[in-house]
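Dear colleague,

Please find below the structure that I am handing over to you. My notes on what was found in it follow directly after.

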Amino acid sequence: MNNLVVLPLLLPLCTAVLLLFFKERIQLQRIISAAGQSATAIACVLLLVQTGSSGIQLLAMGGWAAPYGIVFTADFFAALLVTAATITAGFCLAFSFGTVGSEREKFYFYPFFQFLMAGVNGSFLTGDLFNLFVCFEVLLISSYALLVLGGTKGQLRATLSYMLINILSSTLFVAAVAYLYGVTGTLNMAHLSVRIAEAGQGGILNVIAVLFLIVFSLKAGLFLFFWLPSAYQAPPPAVSALFAALLTKVGIYALVRTFTLLFPGDPGVTHVWIAWMAGATMILGAVGALASKDVMRILNFNIVISVGFVAFGLAVANEASLQGVVFYLLHDMAAKALLFLLGGMMIREAGADQLSAMGGLISRAPWLGWMFLVAALAAAGIPPLSGFGGKLLLLQGGLQAQSYVLTAISLFSSLIVLYTLVRLFIKAFWGEQPAGPATAVVAEADRVSNAAAKTDARTDADAQTKPDVAANAVAFATAAKASHGSATQPRNTSRGHLVVAGVLCLIVVLMGVGSEWMAQAAAEAARTLVDPSVYIEAVLKE
Amino acid sequence: MELLLALTIGILFAVGVYMILARSLLRVILGLSLLTHSVHLLLLTMSGLKAGAPPLLGEKADSYVDPLPQALILTSIVISFGVTSLYFVLAYKSYQKLGTDDTEQMRREADE
């Protein structure tokens with residue numbers, strides 16, 4: 001029994017509720033959410049230290065022992081992910097100060113952010129399948145709100161399809177839980193694992209396993225990622241960085257838990273499915289990344305590739321590859337958040353989101369440029385940086401299991417990651433600045449003011465938002481014209497945001513330099529994945 | 001009894017999926033709520049439909065029905081209620097802003 005286990009869920013929840021009372025006071029909201037985020041991070045680190053020193057930490061809610069109540073379980077894997085998620089989200093939070101705009105901040109941006117964190121941390125720590133569903137819903141509903149907050153046309157379109165897909169997958173999740181409950185009669189994960197092993201996995205249980213695979217793949221963007229590239233394009237960069245760093249990772253975590261703890265029994269069926277899906281994800285993600293000409297879209301397809309990469313480790317499922325999964329997940333959270341933050345700054349700096357309209361940014365924003373190069377190399381897995389260790393372990397696992405085709409595909413996809421990101425770097429930062437960007441911004445401003453005019457013309461009831469939109473458009477248009485008039489004048493990237501990205505970049509580098517330590521931690525975390533009996537005993541002994 | 005309910009759930013699911021594939025956004029939402037109805041019935045069915053008293057200890061019966069799925073369904077109902085109301089408002093807002101409730105037309109505008 002250890003109350004620390006629930007703090008990563010409880011602290012963001014309390015912060016969010018507190019934040020609801022200060023709708024208009026932006027400065028106070030920022031302070032509270034920063035303090036809440038730091039407190040959560042401290043709790044996570046404490047939990048991590050404790051799990052590292054004295055094994056799996058357990059909290060049975062309300063004192064009801066394992067199969068009957070809801071247990072929160074922190075093994076080293078979950079503790080590592082919670083810590084990484086909270087710290088990475090902290091950077092996204094710091095980046096959102098001053099980039100999301102005061103309209104969003106006044107409309108509960110920070111509470112939604114904290115609710116999302118509560119959902120994410122809860123999903124990592126829970127030991128109950130239905131509670132996992134509830135935590136998923138907490139994080140998904142917050143993500144709907146964060147995605148649509150601001151209400152531009154693009155966001156509305158993206159949210160409509162994103163919500164539809166997620167409601168559908170949640171519905172399937174409930175159906176899968178119903179089937180599993182019908183077969184086993186329990187919902188506690190450790191108890192489920194025991195019951196499934198007793199019954200002997202096969203037949204109906206394999207069908208349920210594949211249903212879970214479909215559900216979590218929809219959430220994680222494994223093969224069923226068709227919704228992801230356009231959905232993650234719509235929100236402001238701080239939000240898409242948060243999504244990129246956390247949301248798909250929660251789905252992957254659920255996949256890893258499901259197929260190492262609940263359904264490890266018949267890898268000939270389930271893991272072959274995962275292997276095919278992983279291979280297809282890497283190939284299709286690579287195709288998408290190569291074909292895109294838009295900064296955010298290229299980065300979005302890179303998320304897809306890395307999801308495929310992790311799934312490859314899960315499909316192989318030996319000790320080395322599971323260690324690689326843990327290592328790579330930790331790296332990927334930090335690296336993807338960094339890439340998206342830098343991508344957002346790049347777009348703001350260039351005033352355009354198409355690659356063809358960018359160029360010559362290195363003279364105006366040298367720090368941004370070199371940090372982007374570091375992030376790109378880290379994502380591709382160049383040796384001194386963080387992506388290398390995880391990829392090495394994954395490939396080692398793949399070779400040990402003699403799945404040469406998948407290993408080749410994942411090596412090839414790393415090459416594509418390197419190519420697409422470095423191409424992004426070269427096009428955006430080198431060469432001459434084309435005449436495009438300023439005009440693009442003006443065109444955008446014209447479009448916005450047209451839209452505003454249209455909104456004005458329409459006699460709808462939401463009089464509250466109209467002046468805002470119009471005012472925005474006017475401000476935007478004047479800003480754009482000013483920058484058009486003096487196109488050579490550099491537009492300042494905020495120093496504070498550069499520092500935020502710089503610290504995150506430093507973490508990515510340190511994760512690579514300290515690969516030895518990271519690999520040890522990953523090995524420790526992979527122990528419960530390789531041998532779930534440790535987890536089961538810890539949960540059911542009391 | 002289980003067979004009858006399984007058939008009903010199957011029909012609900014089929015109708016729900018058919019409606020989700022429609023072009024009108026309103027049909028999509030109705031399809032989603034049919035789907036949630038069907039999985040809630042599925043939760044109830046999968047726990048077994050044997051006769052027993054309602055799960056109230058005051059009934060002092062020999063056997064009760066399984067109380068757990070009822071709690072799960074109750075949780076799931078409020079969640080899907082919240083999500084559905086959000087989706088309705090989103091659809092309303094989209095109709096105002098995009099001027100259409102045809103999902104095909106929405107996508108066509110995005111391509112421009």
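How much area does chain A expose, and what share of it do carbon and sulfur atoms supply? Chain A exposes about 19,400 Å², and carbon and sulfur atoms supply 68% of that area. Please bear in mind throughout that this is a predicted model.

**Chain A as a whole**

The secondary structure of chain A consists of 22 helices and 2 strands. Of its 542 residues, 60% are buried. When contacts in chain A between residues at least 6 apart in sequence are considered, 81% of them join residues at least 24 apart.

**Helix H8 of chain A**

Helix H8 of chain A spans residues 189-199, and its buried residues are Met189(A), Ala190(A), His191(A), Leu192(A), Ser193(A) and Ile196(A). These buried residues pack against several other helices of chain A, namely H6 (129-148), H7 (153-184), H9, H11 and H22. At the start of H8(A), the backbone nitrogen of Ala190(A) has a side-chain oxygen of Asn188(A) within 3.0 Å. Just after H8(A) comes Gly200(A), whose phi is positive, at about 80°.

Two of the helices that H8(A) packs against, H11 and H22, also hold residues described next.

**Individual buried residues of chain A**

Arg257(A) belongs to helix H11 of chain A, which covers residues 237-262. Is Arg257(A) buried or exposed? Arg257(A) counts as buried because its relative accessibility is 4%, and the cut-off for a buried residue is under 20%. Apart from neighbours within four places in sequence, Arg257(A) is in contact with Asp75(A), Phe77(A), Ala78(A), Leu262(A), Leu529(A) and Tyr535(A).

Ala538(A) is placed in helix H22 of chain A, residues 533-540. With a relative accessibility of 12%, Ala538(A) also counts as buried. Once residues up to four places away in sequence are set aside, Ala538(A) touches Ile56(A) and Leu58(A). From Ala538(A) to Val422(A) the C-alpha to C-alpha distance is 46 Å, with their positions 116 residues apart in sequence.

Cys505(A) is part of helix H20 of chain A, residues 495-513. Cys505(A) counts as buried, its relative accessibility being 7%. Not counting residues up to four places away in sequence, Cys505(A) touches Leu338(A), Met371(A) and Val374(A). Cys505(A) and Val405(A) are 100 residues apart in sequence, and their C-alpha atoms are 33 Å apart in space.

**Positive phi values in loops**

Most residues other than glycine have a negative phi. Two residues in loops are therefore worth noting, since each is a residue other than glycine with a positive phi.

In chain A, Phe223(A) has a phi near 65°. Phe223(A) lies in the loop that joins helix H9 (204-220) to helix H10 (228-231). Phe223(A) is partly exposed, at a relative accessible area of 37%.

In chain B, Lys60(B) has a phi near 50°. Lys60(B) sits in the loop between H2 and H3 of chain B. Is Lys60(B) buried or exposed? Lys60(B) counts as exposed because its relative accessibility is 72%, and the cut-off for an exposed residue is over 50%.

**The interface of chain B and chain A**

Between the two chains, 32 residues of chain B are in contact with 30 residues of chain A. Together the chains bury about 3,000 Å², of which 79% is on carbon and sulfur atoms. How many salt bridges does the rule find across this interface? The rule finds 0 salt bridges between chain B and chain A. The count of residue pairs in polar contact, both at pLDDT 80 or more, is 4.

On chain B, the elements that give two or more residues to the side touching chain A are helix H1 (2-20), helix H2 (25-46), helix H3 (67-98) and helix H4 (103-111). H3(B) provides the largest share, 16 residues. By type, the residues on this side of chain B divide into 22 nonpolar, 6 polar and 4 charged.

With kind regards

Notes:
Residues numbered from 1 in each chain as written. Chains lettered and ligands numbered in written order. Predicted model: local features only at pLDDT ≥ 70, side-chain atom pairs only at ≥ 80, totals over all residues. Heavy atoms only, no water. Contact = heavy atoms within 4.5 Å. Buried area = accessible area lost by both parts, 1.4 Å probe. Salt bridge = Lys/Arg side-chain N within 4 Å of Asp/Glu carboxyl O. Polar contact = N/O pair within 3.5 Å; in protein donor to acceptor, adjacent residues only side chain to side chain. Helix = DSSP H or I, 4+ residues; strand = E, 2+ residues; numbered from the N terminus. Nonpolar A, V, L, I, M, F, W, Y, C, P; charged D, E, K, R; others polar. Buried < 20%, exposed > 50% of the residue type's maximum accessible area, 1.4 Å probe, protein only. Areas by Shrake-Rupley, 256 points an atom, 1.4 Å probe, with all protein chains shown as cover.
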